[in-house]
Amino acid sequence: MIDNRIGAIINFVRRGSKVADIGADHGYLAIELVKSGRASFVIATDKNSGPFDAAKKNIAAAGLNIETRLGDGLKILREGEVDTICIAGMGGSLICEILDSPVTNSVEQLILQPMNAVEKVCAWLKNNSWFIADVDLAEAGGIIYEIISAVKNPAAVSLQTKKSVSPLLEKFNAQKIAKLQRVLDEMSKSPAAIATEKFAQIQAEINSLKQK
Ligand SMILES: C[S@@+](CC[C@H](N)C(=O)[O-])C[C@H]1O[C@@H](n2cnc3c(N)ncnc32)[C@H](O)[C@@H]1O
């Protein structure tokens, strides 16, 4: 089932890419990547046998030539097999753990959709010399997701996307402010919590978001 989130991920994939979909679960992203012609080749992986079997079943039903592999993160990939890695629907910390592999350096593009800790993923990219080429927002089921496209060498990759401001940005920032405000309200009940650096950081983040 293709929703706006999966659509936005696909939109970042360069035509003709060889893609590894890590944590493919149902396999919908992998299937649509091949069906749409965006990817010339996809390896769909998952660490857990339940989702892996579901992906295999859906891929077989779609009659597409997608390789499936059961295994942890990038451990089941060899350097040079793909040029693009997609990791979607996982926590930011787990995404960073998965990316800590020599295989990451062998690809040209990373497309990441963390469920949380987006700043951690951005810091990982910066610390490992990846360039954030574009960020998009997509709303599905009432939730706004952030999708990051990062490249190792912006000059060597001809990107099919260009930086633009998502029409969802205002709504996304409002949701973020509301979420942070709830944390602040909770912390405000304790004088000790108010005195913490975290309290000041959240307050500063709210102020900064309000100015956007
Ligand atoms: C919430 S699903 C997301 C599925 C799909 N990528 C999407 O965005 O719709 C996360 C999937 O990642 C898998 N997963 C978790 N840790 C993993 C790892 N280290 N390596 C590969 N797959 C993993 C889980 O089994 C699960 O199927």
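Two residues are taken to be in contact if their C-beta atoms, placed from the backbone, lie within 7 Å. The structure described here is a predicted model, in which local features need pLDDT of at least 70, side-chain atom pairs count only at pLDDT 80 or more, and totals for chains, interfaces and linings use all residues. Residues are numbered from 1 along each chain as its sequence is written.

A good place to begin is helix α2 (residues 28–35), where L29, A30, I31, E32 and L33 are buried (20 or more other C-beta atoms within 10 Å of their own, again placed from the backbone). Helices (H or I, at least four residues) and strands (E, at least two) are DSSP runs, numbered from the N terminus. The cover over these buried α2 residues includes α1 (4–12), β1 (17–22), β2, α3 (49–62) and β4. Just after α2, G37 adopts a positive phi of about 85 degrees.

A30 of this helix also appears in the largest nonpolar core, a set of buried Ala, Val, Leu, Ile, Met, Phe, Trp, Tyr and Cys residues joined through C-beta atoms within 7 Å. Of its 49 residues, I9, A30, C86 and I87 touch the most other members. Leaving aside residues up to four places away in sequence, I87 touches I22, G23, I95, I98 and L112.

Turning to the ligand, 17 residues surround it (C-beta atom within 6 Å), the closest being G23, D25, P51, A88 and G89. The elements that give two or more residues to this shell are β2 (39–46), β4 (84–90) and α4 (92–99). Of these, β4 gives the most, with three residues.

Key
A residue is buried if 20 or more other C-beta atoms lie within 10 Å of its own, exposed if 12 or fewer, and partly exposed in between; C-beta atoms are placed from the backbone.
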